[in-house]
Amino acid sequence: MLNLNLFSTVTANKLNEFHITYSREDRPRSATPSSIPADTAMGFATTFRFGNPFFLGPNIDELVKRFQLKDNFSIVTGKHTIKTGGEWVHTNNAQVFRGFFEGRYIFDSVTGFMRYASPAAAGGFGPFTVGCSNGAYVTAPASCPAGSTATGGPLLFYLQSSSPDGIARDAAGASDINNEELALFVQDKWQAGHGLTVDYGFRWDAQSMPATVDPKTTAYARFLSDPRFPSDGTLPDQWKQFQPRAGFAWDVNQDGKSVLRGSAGIYYARQNMLTQVGSVTTNGIQQKSDFRNTAFTAFADMPVWPNLLAPSSVPAGTFPLFTGIRVFDRDYRNPRVYSVNVGFDRELAPSLAAYVDFTVAKSVHLTRFLNYNAHGTAAAAVQPPTRDTTTYVGDNPFEPQLSDVFVTNSRGHGLYRGGTFGIRKRFSQKYQLEANYVLAKDQDDDSNERDPFTDRSFNFYDLSLDYGPADRDIRHKFNFFTYVELPQEFRINVRMQGRTAQPITSSPRVLNGVDRGRNWDRKDNKYFSLDWRLQRAFRAGPTVQIIPSLEMFNTLNNTNNVNPLTTAGLFNFDGFLRQGVGDPRQLQLAVKVTF
């Protein structure tokens with residue numbers, strides 16, 4: 001990394017700040033080797049998972065280069081401090097992402113997996129195994145026994161990525177993309193008098209997205225003129241990101257004891273390059289994805305576990321049937337947030353103050369990942385009374401030419417409302433402390449920020465049904481910190497943190513015809529921890545100190561379960577995540593020497 005800063009005093013009241021940064025970062029990533037290449041999961045109540053993680057198999061090679069150029073110019077005149085400037089950020093990401101190169105299998109049960117993985121035979125063995133509602137298994141094309149129907153198992157999901165001919169080559173996952181980000185701003189800090197300070201300004205941001213191949217040469221070219229197809233094959237640049245902002249601070253009595261603060265503004269988020277690259281490479285020319293489940297046994301080939309689908313060749317200029325692709329919605333917009341904050345601080349005694357703070361943030365154009373080729377043409381008029389998903393009718397609109405049509409769109413929205421109540425004591429009389437309590441409600445219709453491989457909609461044709469508590473919603477949170485100088489030169493730090501559990505959609509979502517909503521339940525992951533450190537410094541000479549310290553974490557040995565899942569573990573695409581009991585009580589002894 002290289003940083004260059006140049007500060008120039010133009011005149012007594014004019015200052016210029018010039019900044020250049022260049023960074024280069026290698027990001028190689030690989031998984032712990034497994035003797036089973038395919039990422040394999042099975043079972044609903046108890047989930048087993050093994051194999052190479054689909055997102056690291058067999059590894060990832062990545063190089064990120066970033067160049068930033070920024071200049072700010074400030075003028076102090078009278079009661080105003082005016083600042084204006086601009087910024088340019090160039091980011092290049094070159095990588096080979098071998099996601100799904102070794103396949104991702106999901107089975108409904110251990111028994112179903114064992115039958116599927118067995119050598120092909122009549123009676124429900126091998127890749128063409130079909131599960132029946134009476135508990136029996138048959139081998140397609142055989143039908144389930146009279147009075148029973150196919151359950152959809154044992155293979156619920158299979159996905160692999162490869163070159164168009166079905167062979168997983170590095171060229172299929174290779175990308176070299178650029179982002180150009182521009183910004184201009186102007187702001188003024190005005191000392192209005194009578195204890196009032198006003199800040200106001202305006203910012204403009206732009207994000208130029210990576211180029212794609214000519215959409216007319218892709219696997220989805222024939223659908224570009226179809227009004228049902230949501231994309232034109234490009235990644236829309238974002239040039240209209242205008243952001244006015246204002247704030248104030250008012251010393252009510254002009255004595256430094258009561259301060260009222262407020263701010264409001266519009267803020268934009270950038271789109272990350274991981275999301276972009278899928279729509280650059282997964283176009284059918286460079287890379288395609290192949291999907292299978294048990295329903296495909298009626299008309300397509302099936303993968304033999306733990307292997308991949310057999311490569312299939314097609315004439316030049318054509319594409320295999322059921323090619324999976326990824327695109328951006330033609331109307332895509334970067335996420336936008338409208339935020340308002342009001343706070344009040346009041347001194348209760350010398351060095352001791354109480355404060356209250358309220359924040360409302362409304363988000364629009366939040367990024368969602370929706371599969372436009374997996375929901376037929378409409379939701380069925382009659383749905384099962386107890387269910388987790390919606391049943392659809394009609395043929396998927398882009399089959400059989402295309403399989404998954406994953407669309408990065410901006411159809412999400414959210415709302416955060418939170419209040420913070422606290423006290424703060426500055427260091428005096430040999431101690432300081434701060435304590436606060438946060439009451440908040442965080443809602444949205446899709447909190448999916450990490451998993452571009454999953455469509456989490458409940459009803460594709462009524463996305464409003466997804467609106468509910470956000471995955472990160474924490475209604476109650478408490479924090480406490482203190483530092484005390486004890487007799488005999490001992491020093492102690494104490495920290496307490498606690499929060500209530502986060503939400504989850506437990507099964508079934510719809511019970512006896514009543515939709516309990518997305519994230520209607522709470523995980524068993526409430527958290528509380530009491531941590532402390534006791535230390536004392538001993539002098540070993542004029543400039544040398546030896547400082548032994550004793551630290552304890554989670555003093556009360558709370559369970560503090562870890563549960564990062566937002567969906568059933570069987571269908572989790574975030575990766576192999578830690579789940580279960582959190583860190584136990586830990587005691588640590590350390591010695592620090594300063595000289």
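A: Let's start with a term: a strand here is a DSSP run of E, at least two residues long, and strands are numbered from the N terminus. Keep in mind that we're looking at a predicted model.

Q: Okay, so in which strand does F358 lie?
A: F358 belongs to strand β19, which covers residues 352–371.

Q: Is F358 buried or exposed, or in between?
A: In between. Buried means under 20% relative accessible area and exposed means over 50%. F358 comes out at 42%, so it counts as partly exposed.

Q: Which residues form a nonpolar patch on the surface?
A: F358 is one of them, together with F421, Y437, L439 and F478. Their accessible area adds up to about 430 Å².

Q: Let's move on to charges. What is the idea behind a salt bridge?
A: Side chains of opposite charge can pair when their charged atoms come close. In this structure there are 30 salt bridges.

Q: What does K83 form a salt bridge with?
A: Its partner is E17, and the closest N and O atoms are 3.7 Å apart. This pair links distant parts of the chain: K83 sits in strand β7 (residues 80–97) and E17 in strand β2 (residues 14–26), 66 residues apart. K83 has 25% relative accessibility, so call it partly exposed.

Q: How do I read the salt bridge of D205 and R203?
A: Start with the distance: their side chains meet at 2.8 Å, N to O. Then check the cover. D205 is buried because its relative accessible area is 16%, while R203, at 22%, is partly exposed.

Q: And where do E434 and R424 sit in the chain?
A: First, the contact: their side chains meet in a salt bridge, 3.7 Å from N to O. E434 is in strand β23 (residues 431–444) and R424 in strand β22 (residues 402–428), and the two are 10 residues apart. Both ends have some exposure: E434 is partly exposed at 27%, and R424 is partly exposed at 32%.

Q: Which residues do salt bridges that share partners join into one network?
A: That network takes in D442, D444, R456, D471, R472 and R518.

Q: Now cysteines. What is a disulfide?
A: It's a covalent bond between the sulfur atoms of two cysteines. This structure holds one disulfide. C132 and C144 form it, with their sulfur atoms 2.1 Å apart. C132 is in the loop between β9 (129–131) and β10 (137–139), and C144 is in the loop between β10 and β11 (155–162), 12 residues away along the chain.

Q: Why is the disulfide of C132 and C144 called left-handed?
A: Because the torsion about its S-S bond is about -85 degrees. As for cover, C132 is buried at 6% relative accessibility, and C144 is buried at 18%.

Q: Last topic: how is a pair of aromatic rings described?
A: By the distance of the centres and the angle of the planes. The whole structure has 24 aromatic pairs. Take F113 and W305: they are 4.9 Å centre to centre with 90 degrees between the planes, an edge-to-face pair. F113 is in helix α1 (residues 110–117) and W305 in the loop between β16 (288–292) and β17 (323–328), so the pair ties together parts 192 residues apart in sequence. F113 is buried at 7%, and W305 is buried at 18%.

Q: Which cluster do ring pairs link F113 and W305 into?
A: A cluster with F50, Y105, F107, Y116 and Y158.

Q: Where does R115 lie?
A: Over the face of F125, 4.7 Å from the ring centre. Likewise, the charged end of R222 sits over the ring of F223, 5.7 Å from its centre.

Methods:
Residues are numbered from 1 along each chain as its sequence is written. This is a predicted model: local features need pLDDT of at least 70, side-chain atom pairs count only at pLDDT 80 or more; totals for chains, interfaces and linings use all residues. Side-chain values use heavy atoms; hydrogens and water are left out. Patches are made of residues with over 30% relative accessible area and no salt bridge: like charges are joined within 9 Å, nonpolar side chains (Val, Leu, Ile, Met, Phe, Trp, Tyr) within 5 Å. Accessible areas come from the Shrake-Rupley method with a 1.4 Å probe; for residues, only the protein chains shown count as cover. A salt bridge is a side-chain nitrogen of Lys or Arg within 4 Å of a carboxyl oxygen of Asp or Glu. Helices (H or I, at least four residues) and strands (E, at least two) are DSSP runs, numbered from the N terminus. Buried means under 20% relative accessible area, exposed over 50%, partly exposed in between (1.4 Å probe, protein chains only). A disulfide is a pair of cysteine sulfur atoms within 2.5 Å. Rings of Phe, Tyr and Trp (its six-membered ring) pair if their centres lie within 6.5 Å; planes under 30 degrees apart count as stacked, over 60 as edge-to-face and the rest as tilted. A charge sits over a ring if NZ of Lys or CZ of Arg is within 6 Å of the ring centre and within 35 degrees of the ring normal.
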